[in-house]
Amino acid sequence: MTFSLTALKTGALLVCLAILGGCAAPKGYDYTAFLESKPASILVLPPVNQSPDVKASYSLYSQVTLPLSEAGYYVMPVGVVDETFKQNGLMNAEEVRQASPQKLREIFGADSVLYLDVTEYGSSYKIISSEVAVTASAKLVDLRNGKLLWEGTARASSAEQQQNNGGGLVGMLIVALVDQVVNTLSDRGHEIAGITSIRLLSSNTHNGILPGPRARPDAAR
């Protein structure tokens with residue numbers, strides 16, 4: 001069986017297109033609703049903890065103000081927000097999440113609300129390695145109309161900085177055991193949660209939150 005030169009060229013072109021299609025750039029986030037809303041202030045609710053570690057929620061909660069403020073938003077003081085909920089009988093993050101956007105807007109007067117979930121927090125021992133990881137997701141909702149403005153997920157891990165310096169299997173086991181003890185005693189999860197919050201809520205990350213009205217000029221996209 002023979003093929004014409006035209007057929008061969010066509011086949012080669014199709015292969016090239018398939019390869020280029022597989023290497024296409026990641027799809028950008030649709031910021032249409034965000035740009036229409038233009039929120040200036042954010043109410044951050046206590047994160048719902050889906051991890052086994054009871055420290056996860058407030059560890060992340062205590063570190064979300066910095067990246068959001070640097071992104072150019074006024075953030076309702078999280079300590080005051082948390083105490084307000086408790087004074088009104090809402091003692092945990094799950095109960096707080098049931099409050100309607102209208103009620104939150106009425107009480108706090110913010111333009112938007114940020115819902116957070118912690119799905120991974122703390123250390124895990126994996127025979128030849130020990131890792132401390134924190135994964136969190138966020139959703140930003142307009143309190144004036146209930147529209148979803150933005151959502152994202154981020155993860156940080158101590159394993160990103162770990163290097164195998166040799167020593168064989170025994171050495172790796174010893175290092176992993178020592179790391180596990182240190183991670184547990186020092187609560188490195190709090191440190192990693194800070195990195196996760198920056199990756200999740202900074203305005204200079206891919207598909208991240210947009211810069212707010214108080215953002216520095218160099219933070220604009």
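Among contacts between residues at least 6 apart in sequence, 71% join residues at least 24 apart. This figure comes from a predicted model, and the other values below were likewise computed from that model. The protein has 221 residues, of which 39% count as buried. Its secondary structure is made up of nine helices and six strands. The accessible surface amounts to about 12,600 Å², and carbon and sulfur atoms account for 60% of that area.

A good place to begin a tour of the interior is the largest nonpolar core, which has 46 residues. Within this core, the residues touching the most other members are Phe-34, Leu-43, Val-44, Leu-104, Leu-114 and Trp-150. Several elements each supply at least two residues of the core: strands S1 (41-44), S4 (112-125), S5 (130-142) and S6, together with helices H3, H5 (78-87), H7 (101-108) and H9. Leu-43 shows how one such residue is surrounded. Leaving aside neighbours within four places in sequence, Leu-43 is in contact with Met-76, Val-81, Leu-104, Phe-108, Ala-110, Ser-112, Val-113 and Leu-114. Two of these partners, Leu-104 and Leu-114, are also listed with Leu-43 among the core residues that touch the most other members.

Helix H9, one of the contributors to the core, covers residues 188-201. At 1.5 Å a residue, its 14 residues should span 20 Å, and the C-alpha atoms at its two ends are indeed 20 Å apart, so the expected and modelled spans agree. The buried residues of H9 are Gly-189, Ile-192, Ala-193, Gly-194, Thr-196, Ser-197, Leu-200 and Leu-201. Among them, Ile-192 provides a link to strand S6, through a contact with Ser-157.

Ser-157 itself is found in strand S6, which comprises residues 148-157. Its relative accessibility is 6%, and because the cut-off for burial is under 20%, Ser-157 counts as buried. Its side chain is joined to that of Glu-131 by a polar contact of 2.5 Å. Apart from neighbours within four places in sequence, Ser-157 is in contact with Glu-131, Val-132 and Ala-133, as well as with Ile-192.

Aromatic residues offer another view of the fold. The structure holds four aromatic pairs. One of them, formed by Tyr-58 and Tyr-61, is edge-to-face, with 6.1 Å from centre to centre and 70° between the planes. Both tyrosines lie in helix H3 (residues 56-61), three residues apart, or about one turn of the helix. An α-helix has 3.6 residues a turn, so residues three or four places apart point the same way. The two partners nevertheless fall into separate accessibility classes: Tyr-58 is partly exposed, with a relative accessible area of 40%, whereas Tyr-61 is buried, at 2%. Elsewhere, Tyr-29, Tyr-31 and Phe-34 form one aromatic cluster, and Phe-34 is also among the core residues touching the most other members.

Beyond H3, the chain enters the loop that leads to helix H4 (65-70), where Ser-62 is placed. With a relative accessible area of 47%, Ser-62 is partly exposed. Its C-alpha atom is separated by 9.3 Å from that of Pro-46, which is 16 residues away along the chain.

Two residues other than glycine deserve a friendly note for their backbone angles. Lys-38 has a positive phi of about 50° and lies in the loop between helix H2 (32-37) and S1. At 65% relative accessibility, above the 50% cut-off, Lys-38 therefore counts as exposed. Asn-207 also has a positive phi, near 60°, and is placed in the segment after H9. Its relative accessibility of 23% makes Asn-207 partly exposed.

The loop with Lys-38 is connected in turn to the loop between S5 and S6, where Arg-144 is found, since Arg-144 is in contact with Lys-38. Arg-144 is partly exposed, at 40% relative accessibility. Its contacts outside the four-place neighbourhood also include Ser-37, Pro-39, Arg-105 and Asp-111. With Ser-37, a polar contact of 2.8 Å joins the two side chains. The C-alpha atoms of Arg-144 and Gln-102 are separated by 7.2 Å, although these residues are 42 apart along the chain.

Note on methods: Residues are numbered from 1 along each chain as its sequence is written. This is a predicted model: local features need pLDDT of at least 70, side-chain atom pairs count only at pLDDT 80 or more; totals for chains, interfaces and linings use all residues. Side-chain values use heavy atoms; hydrogens and water are left out. Helices (H or I, at least four residues) and strands (E, at least two) are DSSP runs, numbered from the N terminus. Buried means under 20% relative accessible area, exposed over 50%, partly exposed in between (1.4 Å probe, protein chains only). A polar contact is a pair of N or O atoms within 3.5 Å; within protein, one must be able to donate a hydrogen and the other to accept it, and residues adjacent in sequence count only if both atoms are side-chain atoms. Contact means heavy atoms within 4.5 Å. Accessible areas come from the Shrake-Rupley method with a 1.4 Å probe; for residues, only the protein chains shown count as cover. The expected span of a helix is 1.5 Å times one less than its number of residues. Rings of Phe, Tyr and Trp (its six-membered ring) pair if their centres lie within 6.5 Å; planes under 30 degrees apart count as stacked, over 60 as edge-to-face and the rest as tilted. A nonpolar core is a set of buried Ala, Val, Leu, Ile, Met, Phe, Trp, Tyr and Cys residues joined through side-chain atoms within 4.5 Å.
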